[in-house]
Amino acid sequence: MVLTGAEILIQSLKKEGVEYLFGYPGGAVLHIYDCLDQQDDIRHILVRHEQGATHAADGYARATGKPGCVLVTSGPGATNAVTGIATAYMDSVPMVVITGQVPTPLIGNDAFQEVDSVGITRPCVKHNFLVKSVDELAGTIKRAFYLASSGRPGPVVIDIPKDVTAHKAEFKYPSKIDIRSYKPVTRGHPGQIKKAVKLLLSAERPMIYTGGGVIWSNAAKLLTELAGILGYPVTNTLMGLGGYPATDRQFVGMLGMHGTYEANMGMHQSDVLLAVGARFDDRVTGNIEKFCPDARIIHIDIDPSSISKNVKVDIPIVGSISDVLAEMIRVLKETKRKPKDAELKVWWQQIEEWRAMDCLKYDRETTQVIKPQYVVEELYNVTEGDAIITSDVGQHQMWAAQYYKFDRPYQWINSGGLGTMGFGMPAAMGAQFAYPQQTVACITGEGSIQMCIQELSTCLQYSLPLKIVSLNNGYLGMVRQWQEFFYQGRYAMSYMESLPDFVKLAESYGHIGMRIENKADVVPAMQEAMQQKDRLVFMDFMTDPEENVYPMIPAGGGQNEMILV
Amino acid sequence: MRHIISILLENESGALSRVAGLFSARGYNIESLSVAPTDDPTLARMTLVTHGTDEIIEQITKQLNKLIEVVKLIDLTEGAHIEREMMLIKVDAGARDTREEVKRLVDIFRGRVLDVSGKTYTIEITGSGQKLDAFIGVLNKKQIIEVVRSGVTGIARGEKALTI
Ligand SMILES: Cc1ncc(C[n+]2csc(CCOP(=O)(O)OP(=O)(O)O)c2C)c(N)n1
């Protein structure tokens, strides 16, 4: 069948099972839009800013595990998409981004809306392509989806010049793919796995520390099974939340800069550490010199370059998390040796002592002001712990991570690696498209929400009933907190003056707005909002302006050097 | 330590900039880099000289391997290997005594004079980077007009080979 490049693109996306294409039109992609308009299989979602398109596709990917897909025009369309591409890259999110490009004869001439998209995105993609001929198009799309979703996932950009979308070629979508220079490992080394199990069983003060890799590898069930057999405590990174049920007794909370006392102390005093799909990020380790001084470390990761990058490990295992965990469980079930019960009992007593410090306590009962933690806790109650939660970046993000107990993977969606303000609402849109029946709530701050506020318009167009939970403290709270702690309270530019009236703003976009100023109104307001099954509700909670996130490991501190309330 | 990393990569236009970009983005140093297609026109061979601790070199090789276009690589300095670099150097040879002296040095270094003019010699020298440095060292600094070095290339000794 002879088709134009634009038709080939659409047909190829269908072959890849793309349901939604988040995008924004422009000159270089007009042929593609014309084709999109003449079919019904792929739904194009018109955002209001290309950053929104990338975050929405990203949210869709994080909610489903499937690659998100984006279409933007050349030049400013592509540059606007860069923040979202980098966000996805830092958190290993599978995504395919199609950027229009000026026609091939004009490339390099500083043509209208020309930008070197491949050059600009190179450092923040897993891979990218410039399609120079229509004959390469179908094969390139096949490669792009394969690269985005295999191995360690990540965003892939395909830059398509306008003339390529008009040229014709025989369309045949490749059924198989083989890239000689790209062969991600899946099975872990059996010898290393045996060694790891042996070391695990010798542990007296073990800790299981898991990250986003568990979620991307669909290994949450296996992790729960492994932890169940061993009876060891489990902590999650910010990206790993939901990889292990937060309501389980073996879960000691998130670790790292704003992690729980029991998680960080447990890490610090552990003698054997099992790191699974986590990358020893600086927000997790604190001062690397003081990190887990007594621990022998097992590290499972699909990406060899993650191993021994920040922390030297004793038993590295490269492989897909699900394959390796399944093999570990098999070996564990075969061996006659058992975990050291007596020592573990002592270890758990110690952990329970730390837990009893109740490091996340705050003035819940007596205070009259609305505490942000209270809002998140009540959101958890009102949604029965079942909502998909997205967040923006700042204090509210940490409170969301600390107080909403995520019991399943793909339930918690946030920009951990890049920390992109503006991520939350468009990401929630993507998640809502994937799960129209689910409650999707975006926990945000009055600073962050304004970075992609225009997407409220998209939400109206597609009737997305998001629940926006704005913890409005009137400050760029996380910045203010650092200024309070480390700059003697000089609040340089962390005060959000001239805030809009978010109720009116929501209303002007056709949604429901609520301002909640009294603690007593928090729960009723939420209940009312949840009843609005088919409307977006923007809840603007006037929270305690100077509340801080605790515990906190100050930069340069060890894991045992936490500031508590 | 100095390492010579030899890379087989897809002979595609973007591949070189990906390697170069990786080094600048991650703050690794490149002492020299040479690249050209091999007998298989779809493959290019790149030789990269860099410095770093064992940990840094380990990261460099892992990060290079992660680039989709990198097919295979070895760290030549881990085993016995041959290292060669070519230098073209133009020197001032106007005065009779310097002409003689330069010619003698070229012979000692087993170089060749490729081009002669009334005032200059253009010389080719091949060898390890050290040998080329040494040749530059024995010349009078004022004599040197222009230096062009190819960058190091290398190959493992014996039967070991980097092929697909
Ligand atoms: C795009 C972007 N710019 C700047 C920052 C730096 N930053 C991190 S948190 C923060 C404050 C966020 O304020 P707000 O959204 O009101 O949330 P709060 O901390 O008050 O909960 C800022 C400015 C960032 N993460 N992203």
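This report walks through the contacts between two chains, one buried leucine and a set of salt bridges. Please keep in mind that the model is predicted.

**Where the chains meet**

Let us start at the interface. Here 18 residues of chain A are in contact with 17 residues of chain B. Putting chain A and chain B together buries an area of about 1500 Å², and carbon and sulfur atoms give 45% of that area. On the side of chain A, the residues that lose the most area to chain B are A:R122, A:R180 and A:S181, which together account for 39% of what that side buries.

The interface also has its share of polar pairing. Between chain A and chain B, ten residue pairs are in polar contact, counting pairs with both residues at pLDDT 80 or more. Sorted by class, the side of chain A that touches chain B has eight charged, five polar and five nonpolar residues. The rule finds three salt bridges across the interface of chain A and chain B. One of them pairs A:K312 with B:E58, with the closest N and O atoms 4.0 Å apart.

**A buried leucine in chain A**

Next, a look inside chain A. A:L273 sits in strand β12, which covers residues 272–276 of chain A. A:L273 counts as buried because its relative accessibility is 0%, and buried means under 20%. Leaving aside residues up to four places away in sequence, A:L273 touches A:M207, A:Y209, A:M267, A:F280, A:F291, A:C292, A:A295, A:R296, A:I297 and A:I298. A further point of reference is A:D314, which is 41 residues from A:L273 in sequence, with a C-alpha to C-alpha separation of 9.9 Å in space.

**Salt bridges within the chains**

Over all chains, the structure holds 35 salt bridges. The table sets out three that lie within a chain.

| Pair | Closest N to O |
|---|---|
| B:E69 and B:R18 | 2.7 Å |
| B:R149 and B:D133 | 2.8 Å |
| A:R364 and A:E365 | 3.3 Å |

What does the salt bridge of B:E69 and B:R18 tie together? B:E69 lies in the loop between α2 (54–66) and β4 (70–75) of chain B, while B:R18 belongs to helix α1 (residues 15–25) of chain B, so the pair ties together parts that are 51 residues apart in sequence. Are these partners buried or exposed? B:E69 is buried, with a relative accessible area of 6%, and B:R18 is buried too, at 8%.

The salt bridge of B:R149 and B:D133 also joins two elements of chain B. B:R149 is in strand β8 (residues 144–149) and B:D133 is in helix α4 (residues 129–138), so this pair ties together parts that are 16 residues apart in sequence. B:R149 is partly exposed at 32% relative accessibility, and B:D133 is partly exposed with a relative accessible area of 43%.

Back in chain A, A:R364 and A:E365 form a salt bridge. A:R364 is partly exposed, with a relative accessible area of 26%, whereas A:E365 counts as exposed because its relative accessibility is 62%, and exposed means over 50%. This pair does not stand alone: A:R364, A:E365, A:E377 and A:E378 are linked in a network of salt bridges.

Technical notes. Residues are numbered from 1 along each chain as its sequence is written. Chains are lettered from A and ligands numbered from 1 in the order in which they are written. This is a predicted model: local features need pLDDT of at least 70, side-chain atom pairs count only at pLDDT 80 or more; totals for chains, interfaces and linings use all residues. Side-chain values use heavy atoms; hydrogens and water are left out. Contact means heavy atoms within 4.5 Å. Buried area is the accessible area (1.4 Å probe) that two parts lose on being put together, summed over both. A salt bridge is a side-chain nitrogen of Lys or Arg within 4 Å of a carboxyl oxygen of Asp or Glu. A polar contact is a pair of N or O atoms within 3.5 Å; within protein, one must be able to donate a hydrogen and the other to accept it, and residues adjacent in sequence count only if both atoms are side-chain atoms. Ala, Val, Leu, Ile, Met, Phe, Trp, Tyr, Cys and Pro count as nonpolar, Asp, Glu, Lys and Arg as charged, and the others, Gly among them, as polar. Helices (H or I, at least four residues) and strands (E, at least two) are DSSP runs, numbered from the N terminus. Buried means under 20% relative accessible area, exposed over 50%, partly exposed in between (1.4 Å probe, protein chains only).
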